[in-house]
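Trainee: I should like to learn how to read a sheet and a helix in a model. May we work through an example together?

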Amino acid sequence: MAIAVWDRDLRCVWRNDAARALQHVFPYYQVGRALSDLEPGLDTRGARQAMLQVLADGVPRIDREAHWTSPGRSEEHKLSTSFFRLEDADGRPVGLCSMVLDIGHSHTRDRLTLLHEASIRIGSTLDVRRTAQELADLAVPALADYVTVDLAEAVLPGAEPLQRLEATEDSVPAFYRAGVASIHDGVPESLWERGEAVFVPPSSPFTMVLDSGRSHFEPFLDTAPGTWLDRDPDRAEIIHAVGMHSLIIVPLKARGDILGVAVFVRTDNKVPFAKSDLALAEGLGARTALSLDNARQYTLERTAALALQRNMLPPRLTGTGEVELASRYMPSDLHDVGGDWYDAIPLPDGRIALVVGDVTGHGIHAAATMGRLRMAVRTLAYVDQPPCALLNHLDDMLVRLADESADACGARLGTAGATCLYAVYDPATGRCRLASAGHPPPAVVHPDGTVSFPRPPTGTPIGLGFGMFDSLEVDLPPGSRIVLYTDGLIETREADIEAGIDRLGVALAAAARLPLEDFCDAVVRTMVGGGAEDDVALLAAQIRR
């Protein structure tokens, strides 16, 4: 820290050794000379103004950031400057003291920068494994030479229960390795790959952190005989081989649960961890734990909603002697599970009802609403409700459900609307009657391979209570196909629905000669590739020749 004393004329009268050393880049500190006497190339206006203000009002100026490039040099210095007025015994100003710190390479500034990066880089997705790896990648080499992030099985979806793995008196399975990084190629420090179970001695720093919920701080790693490493010879061999000498183990704790541990180790960096390093590691661990918990909660709800949705979709479609059916469903890669559904319902006289719908919102509530609507559609279809009347009944049902869920103030809780397209094909006439509640139009692939999009009068989405729907009849001759779908198939961030419908028409025409199952695969592949921005449901019916 460069410290100097100035008189009331802003003449330097004393400086410490740090100020003398800094003079080659910051030439203010020339004893006996005032700031105004320095060579013209030095801009001292900002410093002089601040110093004169302190002399006038006596209010210190603390930690003012300044940027300085010395004459003839290209390197910029980031400085923290502070000024204090010096007074005599009667409180009269006699001068001032300046303190300047070059913070461009400050240890504290580096740590704040690392924590700021952690807030951006850790938890960039709702994937627990990626979040764990983000912590490891961020901390190497900024804090440690080798970092592992090991998580409890409950945090990792689909992980085998650790209790099923073989344990011994000296080694028990405690975690799964989710993240690892090292300054050395190939990570020679790690006994386990990502995804593998991590074994530890029953009495070790790892189990102590799990039991206590407090960090383990060992700036000088004790590897002498008689420690816990006697029961872990494989780990002890690695420690000696790579020169591990300083250790921090931080619990990843969120909302009272310990989700795993983060281990920080130094090898090539011979400086042992300090208390400030422990605080930094705990700060990184706290941010990571919160991101992991968010990802865990999201994964649990998504898994439950997806299971609920799949259980409510028809396990297999039942066509008729006149109609062949095929369907596809693709959950979104970017959002939680939605309320898309489809169904095919055989009716008397060889007729068949086709329906596809999309509940607004995502998550378990949307999937549950979808299930209610699907059951209601089947019930109304069995009592032979025509398409427009069926949509009217669905609209009434959702409005009643919304009223029943209203709180004491009348605000509706947990309600959702939906779009829906309902069609009934009659093989006796070769005609299909359909009605729409705010849903994209169906596509008809004609026997010659051309594609059209008949547009029934588009009513409002169901659940709004307007109940104004009308129907349209279209011819479906033998060899034609009718395709119902949700907006996830055609809508993207870059293009509107009409552009998506145009794209769909091209995709349908290109696949028109394929068998129905291959036809569905080709259309979905062309429209959304390997991943969809929203849930996709597609139902295709082929009129037999």
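Mentor: Let us begin with a sheet in this predicted model. Five strands form an open sheet in the order 12-22-21-17-18, with antiparallel pairing.

Trainee: Which are the edge strands?

Mentor: An edge strand pairs on one side only, and here these are strand 12 (323–330) and strand 18 (451–452).

Trainee: How many bridges join strand 21 to strand 22?

Mentor: Five bridges join strand 21 (residues 481–485) to strand 22 (residues 536–543), and the two run antiparallel. Within this pair, R481 of strand 21 is opposite Q542 in strand 22.

Trainee: Which strands does helix 11 lie across?

Mentor: Helix 11 (residues 516–528) lies across strand 12, strand 17 (443–445), strand 21 and strand 22. Its direction is at about 30° to that of strand 12.

Trainee: I now turn to helices. Why do residues three or four places apart point the same way?

Mentor: An α-helix has 3.6 residues a turn, so residues at that spacing point the same way. Consider helix 6 (residues 233–242), whose buried residues are R235, A236, I238, I239 and V242. Viewed down the helix axis, the buried residues of helix 6 fall within an arc of 160°, so they line one face.

Trainee: Which residues are exposed on the other side of helix 6?

Mentor: P233, E237, H240 and A241 are exposed there.

Trainee: What covers the buried residues of helix 6?

Mentor: The cover includes strand 8 (197–200) and helix 5 (205–212). Finally, G243 follows helix 6 and has a positive phi, near 80°.

Note on methods. Residues numbered from 1 in each chain as written. Predicted model: local features only at pLDDT ≥ 70, side-chain atom pairs only at ≥ 80, totals over all residues. Heavy atoms only, no water. Pairing = 2+ DSSP bridges. Helix = DSSP H or I, 4+ residues; strand = E, 2+ residues; numbered from the N terminus. Contact = heavy atoms within 4.5 Å. Axes fitted to C-alpha atoms, helices over the stretch in contact; angles between N-to-C directions. Buried < 20%, exposed > 50% of the residue type's maximum accessible area, 1.4 Å probe, protein only. Arc of directions from axis to C-beta.
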